[in-house]
Every structure is written in structure tokens, then in C-alpha cells.
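Have a look at the model below before reading on. The notes that follow walk through its layout, its charged pairs and its pocket.

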Amino acid sequence: MKIILLTLITIFIFTGCSDNKAIDAEPPVNEQNIENNSDDYKTAVEHIMDNALLDSMKNSDDGVITIREKLFIAQTNDIYLNPEDYMDKTIKWEGIYTEVTNPVTNDEYKFVIRYGPGCCGYDGTAGFEILYDGDLPEKNDWVEAVGKIEMVEENGEEFIAIRLSELTVMDVRGQEFVAN
């Protein structure tokens, strides 16, 4: 009994009680807040992304939006959610060149992607479908892609794709797996 009492007292001493409270703290961004928030996912992305970075993405001086490794998923998501904000801007990013064939129609789609969190580890992808008329690299090549957003219609639905002006195979690979 003395050991139990001594353990409880020790835990109380080390953890202590504090009167410090967060002042004007915003609630944490989580799925429940996203569902209850009128701005939905856009608000969550803006909270996650640094405001200065978000502002520089949408208002770059030279009209080129460079998607970097640090916030790759957040930046690509923002472009998908707000394509009208990026329509006249050039987008530049690096990633893995890959192709996917639709088994029903045999249509081939080309992408420049990176791997990210999914349902079972890093089995998700982030990036864009590309439209390019030049010479294509080998599958799994690390490339730099530069182009502008184009809305593509298929089966009555509109999708974002990037019409490339440049597609360059890079000698050095970047970070294939991104987390945010």
C-alpha cells in the first residue's frame, strides 16, 4: 500500500497542476471540425499551410507556382480545390513520371506524381495528370514538369490536367515519399 501511495504522490509531483491556459487559442483542425465548418476542407488546408506560403503561391511575381517537397500534398490539394486561382499561372513541380491505362476503354493517362499517405502506409499519390505532345520519358523517371492548368471533360465530368510546355528528365531524384 505504501508503494502505491508513494507512486501516486510521485506522479502528482512530476505532473503537477497548472493554472496556465491558452489564451485565444484556435481549436485544433481535425475531421470533426472540418465537417462542422462552413468553409470545409479549404479552411483546414489554409490552417495547415503557412499563410505567407499560400499567399506566395497565388501571387507569385513571375506567374510561376513552384510546388516544393515540404508542402507538396497541401499545395496540390489547394490547386485541385481552387483551380480558378491558378488558371493563368505556370505550375512547376518535380516527381515520378508514370502512366496508367483504363482497362475498360484502353485510354492511357500520364501523370507526374509523388507517393504519400494512404490507407495502408505510403500507398497514396499526389500530383497531376499531364497533357504533353513532346517526347515522353521512361516510366519511373524523375522529371521536372512545367505547364498550365487545363480543364478536361470526360463522360460529362470536368477534371484538372496540366498542359505541359516542358518535361525534363532530372539527374538527381527528389523526395519520392511526401507526408504533407
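## Charged pairs, a pocket and a few odd spots

Let's start with a charged pair: Arg173 forms a salt bridge with Glu176, with 2.6 Å between the closest N and O atoms. Keep in mind that this is a predicted model. Arg173 is partly exposed at 36% relative accessibility, and Glu176 is partly exposed too, with a relative accessible area of 24%.

A search of the whole structure turns up 4 salt bridges. Three of them are set out here, with the N to O distance for each.

| Salt bridge | N to O distance |
|---|---|
| Arg173 and Glu176 | 2.6 Å |
| Glu69 and Arg114 | 3.3 Å |
| Lys110 and Glu108 | 3.5 Å |

What does the bridge between Glu69 and Arg114 tie together? Glu69 sits in the loop between strand 1 (64-66) and helix 5 (72-81), while Arg114 belongs to strand 3, so the pair links parts that are 45 residues apart in sequence. Arg114 is buried, at 2% relative accessibility, whereas Glu69 is partly exposed, with a relative accessible area of 31%.

The Lys110 and Glu108 bridge also pairs a buried side with a partly exposed one: Lys110 counts as buried at 17% relative accessibility, and Glu108 is partly exposed at 42%.

### The overall layout

Stepping back, the protein has 5 helices and 6 strands. Read from the N terminus, the elements go α-α-α-α-β-α-β-β-β-β-β. Of its 180 residues, 32% count as buried. Among contacts with a separation of 6 or more, 59% are between residues 24 or more positions apart.

Helix 5 deserves a closer look. In this helix, 7 of the 10 residues are buried, so helix 5 is largely enclosed by the rest of the structure. Those buried residues are Phe72, Ile73, Ala74, Gln75, Thr76, Asp78 and Ile79, with Asp78 a charged member of the list.

Over in strand 5 you'll find Ala145, which is buried at 0% relative accessibility. Which residues does Ala145 contact, leaving aside its neighbours within four places in sequence? The answer is Ile91, Lys92, Trp93, Val112, Leu164, Glu166 and Leu167. For one of these partners, Val112, the C-alpha atom is 7.5 Å from that of Ala145, although the two residues are 33 apart along the chain.

### The largest pocket and Glu129

Now for the empty space. The largest pocket holds about 270 Å³, and 13 residues line it. Strand 3 (108-118), strand 4, strand 5 (142-154) and strand 6 (157-169) are the elements that each give two or more residues to this lining. Strand 3 provides the largest share, with 4 residues.

What kinds of residues make up the lining of the largest pocket? By class there are 8 nonpolar and 5 charged residues, and no polar ones. Lying nearest the centre of the pocket are Tyr109, Phe111, Glu129, Glu154 and Phe159.

Glu129 is worth a second glance. This residue lies in strand 4 (residues 121-131). Glu129 is buried, yet has no salt bridge. How far away is the nearest side chain of opposite charge? That side chain is Lys110, at 8.1 Å; a salt bridge would need a side-chain nitrogen within 4 Å of a carboxyl oxygen. As noted above, Lys110 has a salt bridge with Glu108.

Glu129 still touches Lys110, along with Tyr80, Tyr109, Phe111, Ile160, Ala161 and Ile162, not counting residues up to four places away in sequence. Two of these partners, Tyr109 and Phe111, also appear among the residues nearest the centre of the pocket.

### Two asparagines with positive phi

Finally, the backbone has a couple of spots to check. Asn106 has a phi near 65°, a positive value in a residue other than glycine. Asn106 is placed in the loop between strand 2 (90-101) and strand 3, and is exposed, with a relative accessible area of 60%.

Asn155 is a similar case: its phi is positive, about 55°, although Asn155 is not a glycine. This residue sits in the loop between strand 5 and strand 6. Is Asn155 buried or exposed? Asn155 is exposed, with a relative accessible area of 76%.

Note on methods: Residues numbered from 1 in each chain as written. Predicted model: local features only at pLDDT ≥ 70, side-chain atom pairs only at ≥ 80, totals over all residues. Heavy atoms only, no water. Buried < 20%, exposed > 50% of the residue type's maximum accessible area, 1.4 Å probe, protein only. Lys, Arg positive; Asp, Glu negative; His and termini not counted. Contact = heavy atoms within 4.5 Å. 1 Å grid on protein atoms, 1.4 Å probe; cavity = no way out; pocket = protein on both sides within 12 Å on 5 of 7 lines; lining within 4 Å. Points joined across faces, edges and corners; volume = space filled by probe spheres on them.
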